[in-house]
Amino acid sequence: MGIGLIGLALAVCLSAMGSGAGIGAAAVAAVGTWKKCYANGKPAPFMLIAFTGAPLTQTIYGFLLMNFISSALSNGLNQLLAMFIGMFGGLAIGLSAFFQGRCAAAACDALGETGKGTSNYLIVIGIIETVALFTLVFSLLLLNSAS
């Protein structure tokens, strides 16, 4: 067993930890927003579900990164490089998910209070998602050039 396998675990675990933390932050805000809406007799926006679930995709990116690293290891990728790509790639993807969840939490609060700005909030959440996608793509390019 090589240390490259640690990179596989780190890629998916760090991504999933960020997703969990981001979803947790957004979910708390969504529940609080719905409570305020119900207490004030306002309709509770269903869109908060989309905000809450946004950081989940980074777990998928971490899983994909894990598979890409595994494939590269099969093609002779250096074990240490595999570990570092998994560690830093997973960390970048996980941080993207964490901050996406924090942004989604603010979006929940703002949408619940004003009932406006849904598309703006989704755009900002999507921009944060792009960091995770870039990390995945750039990691894949690095893996392809190194193996």
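**Figure 1. Serine 139 in helix α5 of the predicted model**. Serine 139 is part of helix α5, in a structure that is a predicted model. With a relative accessibility of 9%, serine 139 counts as buried, because buried means under 20% relative accessible area. Setting aside residues up to four places away in sequence, serine 139 touches Leu65, Ile85 and Gly89. One of these, Leu65, also appears among the residues with the most contacts inside the largest nonpolar core.

**Figure 2. The largest nonpolar core**. This core has 16 residues. Leu65, Ile69, Leu73, Leu77 and Leu143 are the ones with the most contacts inside it. Helices α1, α3 (57-74), α4 and α5 each give two or more residues to the core. The largest share, six residues, is that of α3. A general tendency fits this view: in soluble globular proteins, nonpolar side chains tend to be buried together.

**Figure 3. Leucine 73 and its contacts, with a second core**. Which residues does leucine 73 contact, leaving aside its neighbours within four places in sequence? They are Gly4, Leu5, Leu8, Asn78, Gln79 and Ala82. Apart from the core that holds leucine 73, there is a second, separate core of 14 residues. Among the members of this second core are Leu48, Ala105, Cys108 and Leu111.

**Figure 4. Aromatic pair of phenylalanine 51 and tyrosine 121**. Four aromatic pairs are found in a search of the whole structure. In the pair shown here, the ring centres of phenylalanine 51 and tyrosine 121 are 6.3 Å apart. Their planes stand at 80 degrees, so the pair is edge-to-face; the cut-off for that label is over 60 degrees. Phenylalanine 51 belongs to helix α2 (residues 48-53) and tyrosine 121 to helix α5 (residues 118-146), so the pair ties together parts that are 70 residues apart in sequence. Phenylalanine 51 has a relative accessible area of 0% and is buried.

**Figure 5. Aromatic pair of phenylalanine 84 and phenylalanine 88**. Are these two rings stacked or edge-to-face? Their centres lie 6.0 Å apart and their planes are at 10 degrees, so the pair is stacked. Both residues sit in helix α4 (residues 79-114). Phenylalanine 84 and phenylalanine 88 are four residues apart there, and about one helical turn separates them. Phenylalanine 84 counts as partly exposed, at 34% relative accessibility.

**Figure 6. A nonpolar patch on the surface**. The patch is formed by Ile3, Ile6, Leu80, Phe84, Phe88, Leu91, Leu95 and Phe99. Together these residues have about 700 Å² of accessible area. Helix α4 supplies the largest share of the patch, six residues. Leucine 80, one of the patch residues, lies in helix α4 and counts as partly exposed at 41% relative accessibility. Isoleucine 6, also in the patch, is found in helix α1. Its relative accessible area is 39%, so isoleucine 6 is partly exposed. The C-alpha atoms of isoleucine 6 and glycine 86 are separated by 7.7 Å, while the two residues are 80 residues apart along the chain.

**Figure 7. Salt bridge between lysine 36 and aspartate 109**. How many salt bridges are counted? The count comes to one. In it, the side chains of lysine 36 and aspartate 109 meet at 3.5 Å, N to O. Lysine 36 is in helix α1 (residues 4-39) and aspartate 109 is in helix α4. The pair links distant parts of the chain, 73 residues apart. Lysine 36 counts as partly exposed, at 49% relative accessibility. Aspartate 109 also counts as partly exposed, at 34%.

**Figure 8. The protein chain around these close-ups**. The chain has five helices and zero strands, and its pattern along the sequence reads α-α-α-α-α. Its C-alpha trace spans about 60 × 25 × 15 Å along the principal axes. Of the 147 residues, 39% count as buried. Among contacts with a separation of 6 or more, 85% are between residues 24 or more positions apart. The accessible surface of the chain comes to about 7600 Å². Carbon and sulfur atoms account for 74% of that surface.

Conventions. Residues are numbered from 1 along each chain as its sequence is written. Side-chain values use heavy atoms; hydrogens and water are left out. Rings of Phe, Tyr and Trp (its six-membered ring) pair if their centres lie within 6.5 Å; planes under 30 degrees apart count as stacked, over 60 as edge-to-face and the rest as tilted. Buried means under 20% relative accessible area, exposed over 50%, partly exposed in between (1.4 Å probe, protein chains only). Patches are made of residues with over 30% relative accessible area and no salt bridge: like charges are joined within 9 Å, nonpolar side chains (Val, Leu, Ile, Met, Phe, Trp, Tyr) within 5 Å. Accessible areas come from the Shrake-Rupley method with a 1.4 Å probe; for residues, only the protein chains shown count as cover. A salt bridge is a side-chain nitrogen of Lys or Arg within 4 Å of a carboxyl oxygen of Asp or Glu. Contact means heavy atoms within 4.5 Å. A nonpolar core is a set of buried Ala, Val, Leu, Ile, Met, Phe, Trp, Tyr and Cys residues joined through side-chain atoms within 4.5 Å.
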